[in-house]
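Please open the structure in a viewer and keep the selection panel at hand. The tour proceeds stop by stop.

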Amino acid sequence: MNLFSFIDKYGCYTFDEFAFTEVDNIIFSLLSYLEFEGIVSRNRYNPKKLFTVGEEYFKSYNKKETKILTVRKAIKVLREIKNTRRYGDLLLYNYIYDTSGDNQFGALTIEINKKLVYVSFEGTDHLISGWKEDFMMSYMFPILSQRKAIDYINRNFIFRRKKIIVGGHSKGGNLALVAGMYANIFIRNKIIRIYNNDGPGLLKEYFESREYAKVKNKLVFIIPNYSFVGILLYHSSDYIVVRSAKKGANAHDLHTWVVNDKSFMRTELDKYNKVLESEIINWLKKYTREERKRFVFSMFD
C-alpha cells in the first residue's frame, strides 16, 4: 500500500469514526506545499472547506507549470482527498507563503474538528533560498524561517482552546519541532504531538536545551530507511524508520513510503546511511560554526 491506497480505503471514514493516524499526518504535511494564495484565508475568520479549496485550486491549475515532484504529488493528494468524507469538510485557514530574501516559508492550518487542528509547515521547494536555509542550519540558529514558524504558532493560537498537532516534511519537520520548542507556554501545553517527517535535527546546544527537553516526549520523528535529510544535525536516536519503495535520495519523497494498513511499514536504517549519520556528527564536531558558514556560502556562491 501507499498514500493513495490509504485514501481509497479510509477516505470514507470521518475522524470521529477512524482516529487520526501517522499517515494522515503525511497527507497534511504535503498540503502546505501547494500554492493557495487568494484561495485560503490568511486568518481564521474566513475558513474554507477542503473540498471548496480543491475546486478553486483546480480551476486555475496548469499541469505544465508544475515541475517539482513533491508538489506534483501534493496536487494528486488534493485531487484524491477533496471528495472524501474524511477530508472534504476539513477547514483550511491561516495560509502564508513568503519568499523574501534568503528565506522560503510556508504554513497552513487544517481544522480536523472543533477540538483539534493540524499546523502544517512547508518543506523546501524549488527555490535556492530554501535549500540554502537548510544548510544554514549547520551553523546558525534560529534561521529566519524558524523565527517565522515560532511567530506563526504564537500569533495564531494564543486565545484558542483547540489542541494542536504540529508537523511538516523536510525543512517543515524541523520548523514544526522548533515552533513547538519555543511556543508560548500556554500554546505549548495545547500541543499534543509534533511530527518531524524526515526533517533536519538541531545544533548540539539546542538539542541539549531545556526547550527541547520540554517537547521531546511529544515528538514523533519519522525517517525512511535511506534517509539523507532526517539524519542531518543532532537528533534523537529514538526515531521511527519506515520502508521506502525507492532507494537513495528518492526515499525522501513521502509518496514512496510504504503503508501497512493504518501505519507505515517499519524497518531499519540502511547500513550506508548509518555510517553517513555518524560522519555528519563527526563533521559538526570537527569544524567550527564559522568554518561551516564559509563552506555553505562558498557552495551557494
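Between which helices does the loop that holds P142 lie? In this predicted model, P142 belongs to the loop between α5 (128-136) and α6 (144-157). Select F141 together with P142: the peptide bond from F141 to P142 is cis, with omega near -5°.

Next, select S170, in the loop between β5 (163-169) and α7 (171-181). S170 is not a glycine, yet its phi is positive, about 60°. With a relative accessibility of 2%, S170 counts as buried.

Then move to L233, which is placed in the loop between β7 (219-224) and β8 (240-242). Here too a residue that is not a glycine has a positive phi, about 65° for L233. L233 is buried, because its relative accessible area of 7% is under the 20% cut-off. As background to these stops, most residues other than glycine have a negative phi, and most peptide bonds are trans.

The following stop concerns internal space. Three cavities of 30 Å³ or more are found in a search of the whole structure, and the largest cavity has a volume of about 60 Å³. To display its surroundings, select the lining residues L177, N196, P200, G201, L202, F207, Y212, L219, F221, Y234, H235 and S236. This lining comprises eight nonpolar residues, four polar and no charged.

Finally, turn to the surface and select F135, F295 and M299, which make a nonpolar patch of about 280 Å². Within this patch, F295 is located in helix α12 (residues 289-300). F295 counts as partly exposed, at 44% relative accessibility.

Definitions and conventions:
Residues numbered from 1 in each chain as written. Predicted model: local features only at pLDDT ≥ 70, side-chain atom pairs only at ≥ 80, totals over all residues. Heavy atoms only, no water. Patch = residues over 30% accessible without salt bridge, like charges linked within 9 Å, V, L, I, M, F, W, Y side chains within 5 Å. Areas by Shrake-Rupley, 256 points an atom, 1.4 Å probe, with all protein chains shown as cover. Salt bridge = Lys/Arg side-chain N within 4 Å of Asp/Glu carboxyl O. Helix = DSSP H or I, 4+ residues; strand = E, 2+ residues; numbered from the N terminus. Buried < 20%, exposed > 50% of the residue type's maximum accessible area, 1.4 Å probe, protein only. 1 Å grid on protein atoms, 1.4 Å probe; cavity = no way out; pocket = protein on both sides within 12 Å on 5 of 7 lines; lining within 4 Å. Points joined across faces, edges and corners; volume = space filled by probe spheres on them. Nonpolar A, V, L, I, M, F, W, Y, C, P; charged D, E, K, R; others polar.
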